[in-house]
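This briefing summarises computed features of one protein chain for use alongside its sequence and coordinates. The points are grouped by topic.

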Amino acid sequence: MTVDGGGAQATMMSMARAERAELAEFLATLTPQQWARPSLCAGWSVKDVVAHIFSYEELNALGLLKRLVKGRVVRANEVGVQEF
């Protein structure tokens, strides 16, 4: 990663895109049974965890605020998983 102002952000975004691409590639290999398996997050399946990760991807500030209100803050993650 570079340390100069603009280059650092571009490098981090490039790294994030590469990481997401690797994750998507891996997720494409999962069977329906693997998607349904319990995760290390109590009460959540692998599918739920993945939905949680990606459900915040395109939220803007207003969308996040709406999710927090709808989930009464402590249930915001569950709202995101259900909506995804």
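In this predicted model, helix H3 meets helix H5 through Asp48, Ala51, His52 and Ser55 on the H3 side and Asn77, Gly80 and Val81 on the H5 side. The axes of H3 and H5 lie 8 Å apart and cross at an angle of about 100°. H3 is therefore roughly perpendicular to H5, since angles of 65 to 115 degrees fall in that class.

**The H3 side of the contact**

- Ala51 belongs to helix H3 and, at 9% relative accessibility, counts as buried because the limit for that class is under 20%.
- Ala51 and Glu78 are separated by 27 residues in sequence, while their C-alpha atoms are 9.8 Å apart in space.
- Ile53 is another residue of helix H3; its relative accessibility of 34% makes it partly exposed, because that value falls between the 20% and 50% limits.
- From Ile53 to Val81 the C-alpha distance is 8.8 Å, across a sequence separation of 28 residues.

**The H5 side of the contact**

- Helix H5 covers residues 76-83, and its buried residues are Ala76, Val79, Gly80 and Val81.
- Two of these, Gly80 and Val81, also appear among the H5 residues that meet H3.
- An α-helix has 3.6 residues a turn, so residues three or four places apart point the same way.
- The buried residues of H5 pack against both helix H3 (46-55) and helix H4 (61-70).

**Val79 and its surroundings**

- Val79 is located in helix H5 and is buried because its relative accessible area, 9%, is under the 20% limit.
- Leaving aside residues up to four places away in sequence, Val79 touches Arg67, Lys70 and Gly71.
- The C-alpha atoms of Val79 and Leu68 are 8.5 Å apart, with their positions 11 residues apart along the chain.

**Helix H4 and the nonpolar surface patch**

- Which residues form a nonpolar patch on the surface? Leu62, Leu65 and Val69 do so, and together they have about 300 Å² of accessible area.
- Leu65, one of the patch residues, lies in helix H4.
- Helix H4 also serves as a packing partner for the buried residues of H5.

**Helix H1**

- Leu23 is placed in helix H1, which covers residues 5-27.
- With a relative accessible area of 28%, Leu23 is partly exposed, because it falls between the 20% and 50% limits.
- Leu23 and Val50 are 27 residues apart in sequence, with a C-alpha to C-alpha distance of 9.8 Å.

**The chain as a whole**

- How many helices and strands does the chain have? There are five helices and zero strands, giving the pattern α-α-α-α-α along the sequence.
- Of the 84 residues in the chain, 18% are buried.
- Among contacts with a separation of 6 or more, 29% join residues 24 or more positions apart.
- The chain has an accessible surface of about 6600 Å², and carbon and sulfur atoms account for 61% of that surface.

Definitions and conventions. Residues are numbered from 1 along each chain as its sequence is written. This is a predicted model: local features need pLDDT of at least 70, side-chain atom pairs count only at pLDDT 80 or more; totals for chains, interfaces and linings use all residues. Side-chain values use heavy atoms; hydrogens and water are left out. Buried means under 20% relative accessible area, exposed over 50%, partly exposed in between (1.4 Å probe, protein chains only). Helices (H or I, at least four residues) and strands (E, at least two) are DSSP runs, numbered from the N terminus. Contact means heavy atoms within 4.5 Å. Patches are made of residues with over 30% relative accessible area and no salt bridge: like charges are joined within 9 Å, nonpolar side chains (Val, Leu, Ile, Met, Phe, Trp, Tyr) within 5 Å. Accessible areas come from the Shrake-Rupley method with a 1.4 Å probe; for residues, only the protein chains shown count as cover. A salt bridge is a side-chain nitrogen of Lys or Arg within 4 Å of a carboxyl oxygen of Asp or Glu. Axes are lines fitted to C-alpha atoms, for helices over the stretch in contact, and angles run from 0 to 180 degrees between N-to-C directions. Angles under 35 degrees count as roughly parallel, over 145 as roughly antiparallel, 65 to 115 as roughly perpendicular and the rest as oblique.
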